[in-house]
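Open your viewer, switch on the cartoon view, and keep the selection box handy. We'll make a few stops and see what sits at each one.

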Amino acid sequence: MLALRATPRLANKSLVPKSIYVPKVCVSTGPQQQHGTFFEFRTYCIHPCQNAAFLSLTNEKIHLRTAHSELVGYWSVEYGGLNQVFHIWKYDSYSQRAGVRAALARDSDWMEQYISKAMAMLTSQNNEVTYVVPWSKIQQPPKEGGVYELATFQMKPGGPAVWGAAFKAAVSVHGKTGYALPVGVFHNEFGPLNRVHVLWWYEGADQRAAARHKAHGDPRVVAAVRESVTYLDSQQSKLMFPTPFSPLN
């Protein structure tokens with residue numbers, strides 16, 4: 001995000017007091033993406049009567065899809081969205097993704113054995129392109145199982161240059177105090193802008209509830225969150241269970 005500031009053009013710059021004259025444009029940016037790797041978030045809504053059938057078909061045929069590109073994780077949404085699945089795909093570049101999509105369209109096994117059946121089971125599809133923020137990295141939970149929470153924050157316009165430090169502090173304090181494990185923190189490139197996602201891991205839904213109750217009374221968490229919410233427009237969350245074929249499980 002670029003914040004541009006300059007004074008109107010004047011015919012005689014010498015008449016402008018030095019204290020108010022700005023001789024050049026001032027550029028303000030946040031931390032920059034240093035490589036081309038990005039992550040595509042996909043959310044599918046499923047016909048209620050087809051939810052089990054869709055998951056079964058995907059479990060059986062997902063190998064046809066992962067032969068083309070890397071699957072980071074695949075989850076079934078339990079709370080915060082009914083009859084939904086959420087999945088994350090990794091790409092090294094936009095040209096790689098374009099090549100993958102073209103190859104999938106030519107893959108007769110994928111089209112006939114999966115797409116021709118799965119699409120009829122869906123009511124909608126949505127995707128967003130995200131980058132992992134510079135101060136985060138995707139990490140595997142300490143053990144298999146557990147639950148994941150996708151917390152999505154719609155920040156005020158301005159980008160990381162405005163709210164990045166406060167948001168980082170709020171996320172980091174939860175991880176450092178052991179209330180939750182941040183699996184990854186993502187910032188939207190396409191889709192709603194100024195949107196940040198935190199993928200948290202917990203041993204279970206009850207452990208999440210207990211951790212949040214305790215965190216709400218921790219002055220370290222309260223102080224960091226109080227600062228970050230001044231830049232927040234809205235937020236939402238989903239509690240999700242990893243599928244048997246999810247790499248993040």
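Which residue in β7 is the bridge partner of V147? Select V147 and look across to β7: the partner there is Y202. Before going further, keep in mind that you're looking at a predicted model.

**Stop 1: strand β5**

Now select residues 147-155, which make up β5. On one side, β5 pairs with strand β7 (residues 195-202) in the antiparallel sense, over eight bridges. β5 is also joined to β8 by eight bridges, and those two strands run antiparallel as well. To find a spot on that second pairing, click Q154: its bridge partner in β8 is S234.

Next, show the side chains of β5. In a regular strand, side chains alternate between the two faces of the sheet. Here V147, E149, A151, F153 and M155 point one way, while Y148, L150, T152 and Q154 point the other way. Are these residues buried or exposed? They're all buried, whichever way they point. With nine of its nine residues buried, β5 is largely enclosed by the rest of the structure.

**Stop 2: helix α6**

Select residues 219-228 to pick up α6, then color V221, A224 and S228, its buried residues. Look down the axis of α6: these buried residues fall within an arc of 75°, so they line one face of the helix. What covers them? The cover includes our friend β5, along with α4 (160-176), α5 (205-215) and β8 (232-242). Spin to the other side of α6 and you'll meet P219 and R226, which are exposed.

**Stop 3: helix α2**

Jump to residues 94-106, the 13 residues of α2. From first C-alpha to last, α2 reaches 19 Å, close to the 18 Å expected at 1.5 Å a residue. Its buried residues are V100, A103 and L104. They cover an arc of only 100° around the axis, which puts them on the same side of α2. Add α1 (51-66), β3 (84-91) and α3 (108-118) to your selection, since the buried residues of α2 pack against them. On the other side of α2, S95, A105 and R106 are exposed.

**Stop 4: E128**

Last one: go to strand β4 (residues 122-132) and click E128. E128 is buried, with a relative accessible area of 9%. Which side chain makes a polar contact with that of E128? Show N188: the two side chains are joined by a polar contact of 2.6 Å. Then fill in the surroundings of E128, where the residues it touches include F39, F41, F190, R195 and H197.

Key. Residues numbered from 1 in each chain as written. Predicted model: local features only at pLDDT ≥ 70, side-chain atom pairs only at ≥ 80, totals over all residues. Heavy atoms only, no water. Helix = DSSP H or I, 4+ residues; strand = E, 2+ residues; numbered from the N terminus. Expected span 1.5 Å × (residues − 1). Buried < 20%, exposed > 50% of the residue type's maximum accessible area, 1.4 Å probe, protein only. Arc of directions from axis to C-beta. Contact = heavy atoms within 4.5 Å. Polar contact = N/O pair within 3.5 Å; in protein donor to acceptor, adjacent residues only side chain to side chain. Pairing = 2+ DSSP bridges. Lists of a residue's contacts leave out its neighbours within four places in sequence.
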